[in-house]
Amino acid sequence: MEDHSVDDDNSSIRSSSPANSPVMDRNPSPPPDREGEQGGEEVDAIGETVYSKHWLFSTFTRLIQIVSEQNMGDSDAQMQLPEEDEDELCKIWDMAMDKDVAGFLQEFKAADILLGVITKSRCPRLTEICVGILGNIACFPDTCLTLSQNNDLGAVLLLLLGDTDPPTLLETTRLLLTCVSQSDVSSLWLERVRQQTSVCSSLCFIMCSSTNMDLLVKVGELVDKLFDLDEELMKTWVTAGSQPSDEEEEEEGERRLDVASSLLEAAKQLRSESPEGLEVYLHALQLLTTIHHGIQTLAVAGGTGQALWTFLCEVVCEDLCQPDDPPFVLQEQKGLLVHALAVLSVLYACQNQEAEHSEADTLLPLVGSMLRVLQYHREVSSGHGQKEKEEEEEEKVDEQLQALIQTTVEFLSDIITDLTKDAVCELVTRGYLTEKTCLSAVGSLLPQFSPAVQHLVFMLSEADPQLADTVRKEFPVSLSPS
């Protein structure tokens, strides 16, 4: 159930009423006359609940009066919602989480009333509550289907993404995510998003400018879901963000807010505040690397790709899988690690390695982190910590952990193949390449990536002959250069 208290931290987005909401010709219609249904408590109750139909009718009637009174005053002035009215409306917000109440509100045409209020409201709190009620109604498949078929409501909600009130944006994003996540109506909402070109710029603006953590997480979840469901939409947004508009061309070619840099900016905000939110954004960035247009955008020299490489290296090397962490930390951090390393591997392959990936600054510490991942996985897999048999069986089918190890091994093999003798010496000197990490890595690389192992052993034979001999004693590796 949503927390309906006002958030004092409105972040970097100022609070105001929606500027782009369509204007209706008249006030919202009053609730239907239901006096004949109110002859007793049983008739008055909504479904199997103790909630009163009569009270609901009265509250909606008052809601219509509120917005009518607001529109009689200064049309540009922002209005405040009386505390008593706010309390009553928040009760409906909470009630709407009940399936019977949600169904009754749908039968009662509450969506049309709330839509009318939203389009005329000059009170951000009132708008937030109305969208929140709709969000709770949409939690159930039947009522979500009916709401989603309301084209006027769909258009207004997408325009509300351009609002400047963080609580309203949070509820709007929550409602859209709820609808997009339901398979029966997701295609309908995807089509609306494709047609409403302002959605991309609105979401990018939020990701770049807001410091409201809850809002950033929910926007990230929405963008990630949209990209996961519609590759063409992702391609369109990436392409649109990389080209200047007519107005921007007049301003010395200034470019729009692009999706990749917006995702990166939000990820930076969430790094220390919300690991779960950061994981969502890293997954969305990984999705960008699955399409040609996304890779092209990230491969531009000096662009978002370089900044993304630096940021992800910091996350992996400074925040995750540290030397003093227990091996089972992999289980907790596997989501962040697999997305981060997957993106880094693409960036490594598509950018100028000497110019973008300084071995001293980022690449060698990154190799050290990947070596540690493989070491910790080997220790956990070998029964370190006396796991129960059932836990071992469960780990064998942990697809995300398997994906992490596969991604790490593939990426590490690419880097190892490019390592010079000096780089290998530095890995040994810094303590990244030890007997334990080296044996774990070689065991993971073989037999699929034997050329990379062969190259590593050849470099080690000059940088650290004793370690090279130890590897050859454990594994049948040729000393010939690859």
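This report describes salt bridges, aromatic pairs and one polar contact in a predicted model.

Residues are numbered from 1 along each chain as its sequence is written, and side-chain values use heavy atoms, with hydrogens and water left out. Because the model is predicted, local features need pLDDT of at least 70 and side-chain atom pairs count only at pLDDT 80 or more, while totals for chains, interfaces and linings use all residues.

**Salt bridges**

The structure holds 17 salt bridges, each being a side-chain nitrogen of Lys or Arg within 4 Å of a carboxyl oxygen of Asp or Glu. Three of these pairs, among them Arg62 with Asp85, are set out below.

| Pair | Closest N to O |
|---|---|
| Arg62 and Asp85 | 2.9 Å |
| Glu232 and Lys235 | 3.3 Å |
| Arg472 and Asp469 | 2.2 Å |

The pair of Arg62 and Asp85 links distant parts of the chain, with Arg62 in helix H2 (residues 53-70) and Asp85 in helix H3 (residues 83-95), 23 residues apart; helices are DSSP runs of H or I with at least four residues, numbered from the N terminus. Arg62 is partly exposed at 27% relative accessibility, whereas Asp85 is buried at 11%, where buried means under 20% relative accessible area, exposed over 50% and partly exposed in between, for a 1.4 Å probe and protein chains only.

Glu232 and Lys235, by contrast, both lie in helix H13 (residues 231-241), 3 residues apart, or about one turn of the helix. Glu232 is partly exposed, with a relative accessible area of 47%, and Lys235 is also partly exposed, at 23%. In helix H27 (residues 465-474), Arg472 and Asp469 are separated by about one helical turn because they stand 3 residues apart. A network of salt bridges links Arg271, Glu314, Glu318 and Asp319.

**Aromatic rings**

The count comes to 7 aromatic pairs, under a rule by which rings of Phe, Tyr and Trp (its six-membered ring) pair if their centres lie within 6.5 Å, with planes under 30 degrees apart counted as stacked, over 60 as edge-to-face and the rest as tilted. Phe104 and Phe108 form a stacked pair, 6.0 Å centre to centre and with 5° between the planes, and both residues are buried. Together with Phe57 and Phe60, Phe104 and Phe108 form one aromatic cluster.

**A loop serine**

Ser274 is found in the loop between helix H15 (259-270) and helix H16 (275-288), and counts as buried at 12% relative accessibility. The side chain of Ser274 reaches the backbone nitrogen of Gly277 at 2.9 Å, a polar contact being a pair of N or O atoms within 3.5 Å, of which, within protein, one must be able to donate a hydrogen and the other to accept it, and residues adjacent in sequence count only if both atoms are side-chain atoms.

Notes
Helix = DSSP H or I, 4+ residues; strand = E, 2+ residues; numbered from the N terminus.
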